[in-house]
Every structure is written in structure tokens, then in C-alpha cells.
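Let's take a walk through a protein together, starting with an empty spot and working outwards. Have the picture open while you read.

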Amino acid sequence: MNRHALRAVVLAFAAVMVALPASTRAQTGESKLKQQQDELARIRKEREDLQRRMKGLQTTAHDLSEEVNLLNKQHSVTERAVRSLDQQLSSIREQVDVTTGNLVNAEVETIEKRGILQQRLTDIYKRGPLYTSEVLLSAQSFGNLVARYKYLHILALHDRALMNRVRNLRDTIRNQRRQLVQLQNGVSQNRQEKAQEEARLRELEGRRALSLKKVQADTKKAKARLDQLAKSEARLNSVLASIEAERRRVAGRGGAASRTPSSIRTSELGRLDWPVEGTILYRFGRVINPNNTTTRWNGMGIQATSGTPVKSVSNGTVALNDIMGTYGRTVIIDHGGGDYSVYSSLAQSSLSKGARVTKGQTIGTVGSNDPSLPPHLHFEIRRGGGPAVDPFEWLRGR
């Protein structure tokens, strides 16, 4: 009996010593997995924010390069999500290994403890219910009686502890089996989520490639349009230079009597009527476009509905009525003294060269010649045979 009790105590102590590192490993694995799950949640929240920005971008006018930039960020975040899921899968597998080891150890210990209990029950049954009393009464001295009592007490405590240990092992096995099922479900769910993230990654790669093509096409289109605008502007400048050269030649040949003063006086700065009512589409000077290209305008764009009448800002003579590339139908009015007003992007104009026009007279209607812009009037003012000036400064304040 003493030998069995001592062996049981030693085994219980060894089991506790073995179980402690496994328990510590399990807690460390759970903590590690929790941190990884929290990190994945943060990654997905970051991606949701990017997706909301993308949706907001798609409902407003935007630059395609900005869309590509957001797609790149989503792609990067999704790659991080896939890596996080890989790390979680590795952590779950580690936990499965630890839990499986704990379960095996618990089952082995349970078998051993049950064997000891069965042996104890057999011994108790063989000795009968009065064996304890016999042991105490057969003591030869009081000291021997106390020693036997202490031994029986320790044996009872050991039996009780053994029973509790078996119950605890039974609960541990039940919990670890349940945990194994949960971990196996976690592995399956992790694989499904990883497959979904990888599919999302492929979709983002496709969208990114498509958007990149759009950006390249948009850049190419913008460059071609800027080249066309530059050619149209150069042609308009050349025509105006020719008209001004002819005017000066005629004025020089005819003397002072043929030098007609300009109908646009300096006193009319900020007082000229608008050639068409509408909103300003672009201003005079250097303008940065949404696609990060730059356009240098010699005039201003006034957006208006197609067919809206366009009126002359002052008296003068029609110096040109022709198609000027991307400027479309263009009418140039000579106001005298080297001053000109230019009206482009017209839908139509029936004026002929040399025709006299008066202030406020309709010279044509608003059209839409540039596919990149809505219907509008391109309006310029040239002063003293020189370069273009800001026409906005000459128009009446509204």
C-alpha cells in the first residue's frame, strides 16, 4: 500500500511538471493568434476605408491616376491580408499540435490513474470494510496508533486527490477535444478566407491593369489634344498677325486718314458687355487640368447651352469667319487701331468677311467643337496688334 501511494504521488508530480510547459505554450499560441486576428481586422478596416474612397471617387470627376493609386493601395492591403491569414494558419496548426499533444498526455495519464484506482478498489474490496479499524486496533502502542492513523489519513487524502485528478483529466480531455474541433473549423475557415482574399487580389490586379491602360490612353489622348490646341493657337496667331500686318500696310499707304481708331477704348475697361451669358469654364493664362496636364489659354471659356446667341462686344468689321482646328468655327472682329476680339467654338455664323457689325449684334451661336469640353464660347481680346490680354478684366462685373 505504501509503495502504491508513493508511486501515485510521484506520477502526479511528474504530470504537473509536464503539463505546465504545454499549458504555457497553449496560452502563448492563443495570444499570438489573437494578435494576428486583431492585425487582420485592422487591415480589413483600412481596406474598407480605401473602398469607400474609391466609391466616392467614382461618383465625382477625378483623375484616372488617382484611381490607379487607390487600386495600388487596395492591392497592397489585400496582400498584407493574405500574409496575415498565412501567419494565422501557421499559428492555428501550432495550436493543433500543442492541443493534440496535451490530449494524448491527458488520455495516457487518465488510463494510468484509472488503473491505480482500480487496484485501490480491489485492495479495499479484498480487505473488507473493517480493515481500517483492524489496522488501528492492532497497534502495539499509542505512538504506533498515531503513526497508523496518520498513514491512513494520508492514504485517504491521496485517494481523494486521485479521484479529483481523474475528474479533472476527464474535463480536460472533453475541453481539448472541443478545442480541436474549433481549431479544425478555424483551419477550414482560414483557408476559405485566404481563397477569397487571393481571388480579390487577382480581381484588383485585373482592375489595376485595366485602369493603367486607361491612364495611358488618357495621357496619350491628352497629349494629342494639347498638340491640336497648340497647332490651332499657332494658326490663329498667324492669321491675326497677317490681318494686323495688312492693316498696318493699308494704314501706312493711305496716311493718317485711313487710320481708324479702336472702338474699344481704355475707359471701357471692366465695362464691356459679356458676349454670352454663362459660367466661366476656364480663365486666361496657365491652367492645370485634372489629369495634371497644363494648358495655356489666350482667352477665357464661357460655358453656355448650345445654340445660345453670341454677341459682339463692340463695333467693328469681320476680319475672318473660318474653321480653326480645335477652336472650331471662329469669327475675328477688327475694332480698329490693332484691337481685335475673337469668338471661337461657334456652332454657326453667317457673317462674311468685311461685314460691319455693331455692339451687341449677334454674330453666331454657341457650339461644341472640342469633345473634351462642354458647349462654350472661347473669347479673346487682342490690344494694339500685340499679344492677347485677359478678357475678363474688360468685361462688366456680374
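**A hollow and its surroundings**

The largest cavity is lined by Leu-229, Tyr-282, Trp-297, Thr-326, Tyr-327, Ser-345, Asn-369, Asp-370, Leu-373, His-376 and His-378. A cavity here is a set of points, on a 1 Å grid over the protein atoms alone, where a 1.4 Å probe fits but cannot get out, and lining residues have an atom within 4 Å of a point. Its volume is about 60 Å³, where a volume is the space filled by probe spheres set on the points, and grid points are joined across faces, edges and corners. Sorted by class, that lining has five nonpolar, five polar and one charged residues. For this sorting, Ala, Val, Leu, Ile, Met, Phe, Trp, Tyr, Cys and Pro are nonpolar, Asp, Glu, Lys and Arg are charged, and the others, Gly among them, are polar.

A word on what you're looking at: this is a predicted model, where local features need pLDDT of at least 70 and side-chain atom pairs count only at pLDDT 80 or more, while totals for chains, interfaces and linings use all residues. Residues are numbered from 1 along each chain as its sequence is written, and side-chain values use heavy atoms, with hydrogens and water left out.

Now for the packed parts. The largest nonpolar core (buried Ala, Val, Leu, Ile, Met, Phe, Trp, Tyr and Cys residues joined through side-chain atoms within 4.5 Å) has 23 residues, and Leu-272, Val-310, Tyr-343, Ile-363, Leu-377 and Phe-379 touch the most other members. Several strands supply at least two residues each, including S4 (300-303) and S8 (339-348). Strand S11 gives the largest share, three residues. Strands (E, at least two residues) and helices (H or I, at least four) are DSSP runs, numbered from the N terminus. Apart from this core lies another, of 14 residues, with Leu-229 and Tyr-282 among them. You've met both names already, in the cavity lining.

How much of the chain is buried, meaning under 20% relative accessible area (exposed is over 50%, partly exposed in between; 1.4 Å probe, protein chains only)? Of its 398 residues, 37% count as buried. Overall, the chain has four helices and twelve strands.

Finally, find Lys-113 in helix H2 (residues 64-127). Lys-113 counts as buried because its relative accessibility is 2%. Between Lys-113 and Val-166 there are 6.6 Å in space, C-alpha to C-alpha, although they sit 53 residues apart in sequence.

Definitions and conventions
1 Å grid on protein atoms, 1.4 Å probe; cavity = no way out; pocket = protein on both sides within 12 Å on 5 of 7 lines; lining within 4 Å.
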